[in-house]
Amino acid sequence: MTTAAEPPTDSPGPPAVSRFEYNLLRILRFLLGHTPAEQAAPLVYAKFSPPPPCLSRTCVRLVQDMLGKGLVIHLVRAGGWRRERFLKGNQPVEGRVWERVPLDVRRLEFGEDTLGFLYWLAAEKPTETRNDWDAPPEGLSAADELFLAVALDALRVLPDVFPSLTAKAAFRQNPLCWLISPGDFAADEPAPPAFDPWLTGTRAAILECLQPMLTQRWVRSERGKGQVGDWRRMRQQGRAESAALAAFLAAAEKAARPDLARFVLRSASAVFTSEQAPAFWTGGLQGTGPPRLADRLETQRAALALPRQLETLQRWERRARSVGYFDDDYQASQLWKADWEAASGDVIAARAHRVLEQLEPLRT
């Protein structure tokens, strides 16, 4: 399924859809942010029996149109409208996303799994499903992964449905879901997916658009940690964040795309507008915590997942300063140096180092 419209049918009069298809389209509008949750929630919780064996051409065409337009609007609003500089062939290119990225790279093409998810959500009650849905992550296109990440974020308002979705491979192994909210996959031993595919082609263009949104999400998450009272939850969330950021920054460094890690730098800059103490992250923890001191320290260290990444970003800046004018990656290094200076990188790195030192009982 692609976003290109099919030729109109020869039947006269306006196209019609069945009641099931109408509900499916309303759910899609909710997932794209065009319908309030209170209007769509009853449709998600309902179980349509029996569901139709297939969807009409009219319905499929409407889904194509809504997906194509809705996700493009989502990307533009998230940050694609901004005039930004990103690397193309190791050279900075400035402009809005449609000025920087060729049309063939910006094209969104959907597979059958996106339609299968919508069909399942309209036909089944996710908490009491008879025919469960999932999709192999390796078979998803960039557009599929983007839609599923947007859908999961929208379904966050349904607390009894959301946990069952995060357990599915289509979401659990979706790199974009991990970048938006790694805490959704909190575990004692988190296992983020490979981020390498998201550093090239259409996926990289999507990440360029999402930089402001990702910054907003990470800043909100950091500021909200002071309200987390459960020690185990804090430890698991921090471990998931550390694993996601470490894996993503390693992939960005390997692909020579530090510009796609700009949201990490900007998030840290927003958090460290002034000196912070560990209590900014851990002040809400209730009680004395685990009986072992080592476990309590581990939880507090895990809470500071974002500040720990400043060491990697600062290493990038120091390496960028050593690149000569005639080196191939000179322009790319200059772009990262500009990003670092705009975020007051030296200042926030020093503040992050000081707050991390406060958690080390044997520091000198």
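This short talk covers three helix packings and a handful of residues in a predicted model.

Let me start with the helix pairs. Two packed helices are described by the angle between their axes and the distance between the axes. I will give both each time.

First pair: α6 and α7. Helix α6 is residues 112-123, and helix α7 is residues 142-154. Their axes come within 9 Å. The crossing angle is roughly 25°. Angles under 35 degrees count as roughly parallel, so α6 is roughly parallel to α7. The crossing is left-handed. Who makes the contact? On the α6 side, Thr 114, Phe 117 and Leu 118. On the α7 side, Asp 144, Phe 147, Leu 148 and Ala 151. By class, that contact of α6 with α7 has five nonpolar residues, one polar and one charged.

Next pair: α1 and α6. Helix α1 runs over residues 19-31. The axes of α1 and α6 come within 9 Å and cross at roughly 110°. The range 65 to 115 counts as roughly perpendicular, and α1 and α6 are therefore roughly perpendicular to each other. This crossing is right-handed. From α1, the contact takes Phe 20, Leu 24, Ile 27, Leu 28 and Leu 31. From α6, it takes Phe 117, Leu 118, Tyr 119, Leu 121, Ala 122 and Ala 123. How many of the residues in the contact of α1 with α6 are nonpolar, polar and charged? Eleven are nonpolar, with no polar and no charged residues.

Please note Phe 117 and Leu 118. They are in the contact of α6 with α7, and they are also in the contact of α1 with α6.

Third pair: α1 and α2. Helix α2 is residues 37-45. Again the axes come within 9 Å, and here the crossing angle is roughly 135°. That falls outside the ranges for roughly parallel, antiparallel and perpendicular, so α1 and α2 are oblique to each other. The crossing is left-handed. Helix α1 brings Asn 23, Arg 26, Ile 27 and Phe 30. Helix α2 brings Ala 37, Gln 39, Ala 40, Leu 43 and Val 44. The split for the contact of α1 with α2 is six nonpolar, two polar and one charged. Ile 27 of α1 takes part here, and Ile 27 is also in the contact with α6.

Staying on α2 for a moment: Pro 42 sits in this helix. Pro 42 has 48% relative accessibility, so it counts as partly exposed. Its C-alpha lies 42 Å from that of Glu 298, and the two are 256 residues apart along the chain.

Now to single residues, with Glu 124 up first. Where is Glu 124 found? In the loop between α6 and α7. Is Glu 124 buried or exposed? It is buried, at a relative accessible area of 4%. What does its side chain meet? There is a polar contact of 3.5 Å with the side chain of Thr 129. A polar atom of the Glu 124 side chain also lies 3.1 Å from the backbone nitrogen of Arg 130. Beyond four places in sequence, Glu 124 touches Val 44, Ala 46, Lys 47, Thr 129, Arg 130 and Asn 131. Val 44 should sound familiar: it is one of the α2 residues in the contact with α1.

On to helix α11, residues 201-224. Two residues here.

Glu 208 belongs to α11. Glu 208 is buried, with a relative accessible area of 3%. Its side chain makes a polar contact of 3.0 Å with the side chain of Arg 100. Setting aside neighbours within four places, Glu 208 is in contact with Phe 86, Lys 88, Arg 100, Val 101, Arg 257 and Leu 260.

Ile 206 is placed in α11 as well. Ile 206 is buried, at 2% relative accessible area. Leaving out residues up to four places away, Ile 206 touches Leu 75, Leu 108, Ala 142, Leu 146 and Trp 198. Gln 91 is 115 residues from Ile 206 in sequence, and 18 Å from it in space, C-alpha to C-alpha.

Last one: Arg 232, in helix α12, residues 231-254. At 47% relative accessibility, Arg 232 counts as partly exposed. Its C-alpha and that of Arg 351 are separated by 27 Å, with the two positions 119 residues apart along the chain.

That is the tour. Thanks.

Terms used:
Residues numbered from 1 in each chain as written. Predicted model: local features only at pLDDT ≥ 70, side-chain atom pairs only at ≥ 80, totals over all residues. Heavy atoms only, no water. Axes fitted to C-alpha atoms, helices over the stretch in contact; angles between N-to-C directions. Helix = DSSP H or I, 4+ residues; strand = E, 2+ residues; numbered from the N terminus. Parallel < 35°, antiparallel > 145°, perpendicular 65-115°, else oblique. Left-handed = near helix turned anticlockwise from the far one by under 90°. Contact = heavy atoms within 4.5 Å. Nonpolar A, V, L, I, M, F, W, Y, C, P; charged D, E, K, R; others polar. Buried < 20%, exposed > 50% of the residue type's maximum accessible area, 1.4 Å probe, protein only. Polar contact = N/O pair within 3.5 Å; in protein donor to acceptor, adjacent residues only side chain to side chain.
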